[in-house]
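Please work through the exercises below with the sequence and the structure open beside you. Try each task on your own before you read its solution.

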Amino acid sequence: MSAQNTPAPPRPAAALPEGRTASATGAARDGLAAIQQQVLWSRLVAIADEIATTLVRTAFSLVVRDNHDYACSIYDARGQMLAQSMQCTPGQAGSTPMVLRDLLAVYPPETLAEGDVLISNDPWIGAGHAPDVFIATPVFRNGVLVGFTCTCAHHADMGGRLGATDARDVYEEGLIIPVTKLVSAGVEDEALVRLIRRNVRMSEKILGDIRAQMAANRVGAAGILRMMDEFDLTSLEPLADRVTAHSEAAFRAAIGRLPQGETVNEVFHELTDDAGDPIRIRVALKILEDRVQLDFTGTSPQVAKPINAVLNITRAYCVFPFIATLCPDLPMNAGAFRPVEISVPEGSVLNPTYPAPGMYRSLLSYFTVEAIMGALRKIAPDKVMAPSGTYPLWIQKFAGTGLDGRPFVTHYNAQGGQGAFRDRDGNTAVVFPGNIASTSVELFEHDGPFLVERRMLVPDTGGAGRFRGGLGQETVLRVLADAPVRSALSGGRLVEPAKGMEEGAPGGLGHISVNDGAPFRTAGRADLRQGDRVRLVQPGGGGFGPPSERAPEAIQRDLDEGYVTPEGVARDYGVPLVPAAE
């Protein structure tokens, strides 16, 4: 997950790896075991990073190669997750602890053979929508299954209606691959490959990314085997039990430092349910001695709109805010998910039943972070941040024929401002909490027939406060193609801005329009022609604390750097200032 950094040193002593003995006893033996455990743990994270590096270096699509929309994980033979790569999206990474369980329910370990590769993009098994494809590779040592490597990558297309911003069921959102053997004992399933090729746009790009995932998994498998040979390990399971227990214990200890208590918070979305009422996310938060309980009873029922978030993705964004605020350096594995217990009513927008649509589940799932932060503020106010303009995720999809006469499918991703914190300003132009990279202008123009005419920060869009919210940004895209270009334009905070916290002001609104036409009020589609311009304004983050308490030198610095205008300063802070002379 995005909060992941260098593995923390383990505290408890542990048994030595199989095949090793120690002549020392007592504290010396325990110390040696702890050192070896840390070496092995760090090695696992390094292997996961190697998987990610291979995926990026071999991927075909911009969304994987350059936006880094993926997660990479390592598991033991039981399907228990041991490590993730440093770079992961919280949604995909938070879904991976459960994925192997569902894969192994279809293909139990005893049915697997060397050379097998499993695949699925079923939203109810994976990360909530069809573009996220999971590929898992069993790892065998001396004929014995010892673990798995697994990658999840967001693919540029999985068929169906492009974007499907108004889909009413999951069947409109593209091809769904149930848990299947893509490769059996080294032999690729040609029929499945033909099925995928026939159902997706830019099949060479999609199949190229799928094969990049398989290649990355093979590199990870080789790394695991080298580690096991070097340390004479016959199984990963004892190590898995130790590292997951350590992560669990560290997380529980961090929770134990919070005040105990319970509270309720509600967030109302600008999107409406099927009855026309604002969608509600309601969470009851209970902090106990060493665990957190979240109950989403009262959350709106699932809707016939592509924004429903399956339980797996909801769980991911329930764990994320606690990891990010309490122990951001904690290495992620299965143990890090155990202290957060969630209850989500089946049939709600955060736990829909099949076949609810969910292509744009990030329009909703990211708001669980805001709901949890609002509840946590009432118990531990020093741990929270104001609502952000960086969610919901803004991602634009385009398909058509390029200037060279070849078909193209591409994405454009950029975000606005993060909410302010109790002790600092919010970050600007970051993808929070999604943790993917913003799209490079140059790469986007190379990937499709577009010219980016403008990309700039928008002054006065960061919510005023003792600490200011991050700024929104504006992008104007012009179509160069002779042939029509289909688009799916998705964003949020188009009607309701990110609110401030503790008297902080709200951030600026988002805006989507084509050729200066009427602004979109929800995500939508447009057929674009040569010369058409798409204007995107990502919203700003909410401020924290009363604007009257902002330090004058901070206001002056914002003015000098162009983050605020003199008019905005007078309006929001009530002080007359002018920019410093250049």
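**Exercise 1. Locate Arg 493 and Glu 503 in the predicted model, and decide for each whether the residue is buried or exposed.**

Step 1. Begin with the position along the chain: Arg 493 is found in the loop between strand 16 (residues 485-490) and strand 17, and Glu 503 is found in the loop between strand 16 and strand 17 as well.

Step 2. Turn next to the backbone, where Arg 493 has a positive phi of about 55 degrees although it is not a glycine, while the phi of Glu 503, again a residue other than glycine, is positive and near 75 degrees. Such values deserve attention, since most residues other than glycine have a negative phi.

Step 3. Now compare the accessibility with the cut-offs, which are under 20% relative accessible area for buried and over 50% for exposed. Arg 493 has a relative accessibility of 5% and therefore counts as buried, whereas Glu 503, with a relative accessible area of 66%, is exposed.

**Exercise 2. Describe the surroundings of Pro 519, and find the cis peptide bonds that precede Pro 355 and Pro 433.**

Step 1. Pro 519 lies in the loop between strand 17 (511-514) and strand 18 (524-528), and its relative accessible area of 47% makes it partly exposed.

Step 2. When residues up to four places away in sequence are not counted, Pro 519 touches His 511, Ile 512 and Ser 513. The C-alpha atoms of Pro 519 and Leu 494 are separated by 8.6 Å, and these two residues are 25 residues apart along the chain.

Step 3. For the cis bonds, look at the link between Tyr 354 and Pro 355, where omega is about 10 degrees, and then at the link from Phe 432 to Pro 433, where omega is near 0 degrees. Pro 355 belongs to the loop between strand 11 (340-343) and helix 8, and Pro 433 to the loop between strand 13 (407-413) and helix 10 (441-447).

**Exercise 3. Trace the open sheet of seven strands, and follow its pairing from strand 3 to strand 7 by way of strand 6.**

Step 1. Write down the order of the strands, which is 2-1-5-4-3-6-7 with antiparallel pairing. The edge strands are strand 2 (81-84) and strand 7 (187-188), each of which pairs on one side only.

Step 2. Strand 3 and strand 6 run antiparallel and are joined by three bridges, with Ile 119 standing opposite Thr 180 in strand 6. Four of the five residues of strand 6 are buried, and the strand is thus mostly covered.

Step 3. Two bridges join strand 6 (residues 180-184) to strand 7; Ser 184 stands opposite Val 187, and Val 183 stands opposite Glu 188. These two strands form a hairpin with two residues between them, and Ala 185 in the turn has a positive phi of about 50 degrees.

**Exercise 4. Work out how helix 7 and helix 9 are arranged, and explain why helix 9 counts as largely enclosed.**

Step 1. The axes of helix 7 and helix 9 (residues 367-377) come within 9 Å and cross at roughly 50 degrees. That angle makes helix 7 oblique to helix 9, and the crossing is right-handed.

Step 2. Identify the residues that meet: on helix 7 they are Tyr 317, Cys 318, Phe 320, Pro 321, Phe 322 and Thr 325, and on helix 9 they are Thr 368, Val 369, Ile 372, Met 373 and Leu 376.

Step 3. Ten of the eleven residues of helix 9 are buried, so the helix is largely enclosed by the rest of the structure. The cover over these buried residues includes strand 8 (261-272), strand 9 (278-287), strand 10 (292-295), helix 7 and helix 8 (362-365).

**Exercise 5. Place Phe 322 within the largest nonpolar core.**

Step 1. This core has 84 residues, and those with the most contacts inside it are Leu 100, Phe 251, Leu 285, Leu 294 and Phe 322. Its largest share, eight residues, comes from helix 7 (residues 311-326).

Step 2. Leaving out residues up to four places away in sequence, Phe 322 touches Phe 251, Leu 285, Val 292, Leu 294, Cys 327, Val 340, Ile 372 and Leu 376.

Step 3. Finally, set beside it a second, separate core of 33 residues, which includes Ile 47, Tyr 70, Leu 82 and Ala 153.

How values were computed:
Residues numbered from 1 in each chain as written. Predicted model: local features only at pLDDT ≥ 70, side-chain atom pairs only at ≥ 80, totals over all residues. Heavy atoms only, no water. Core = buried A, V, L, I, M, F, W, Y, C linked by side-chain atoms within 4.5 Å. Buried < 20%, exposed > 50% of the residue type's maximum accessible area, 1.4 Å probe, protein only. Contact = heavy atoms within 4.5 Å. Pairing = 2+ DSSP bridges. Axes fitted to C-alpha atoms, helices over the stretch in contact; angles between N-to-C directions. Parallel < 35°, antiparallel > 145°, perpendicular 65-115°, else oblique. Left-handed = near helix turned anticlockwise from the far one by under 90°.
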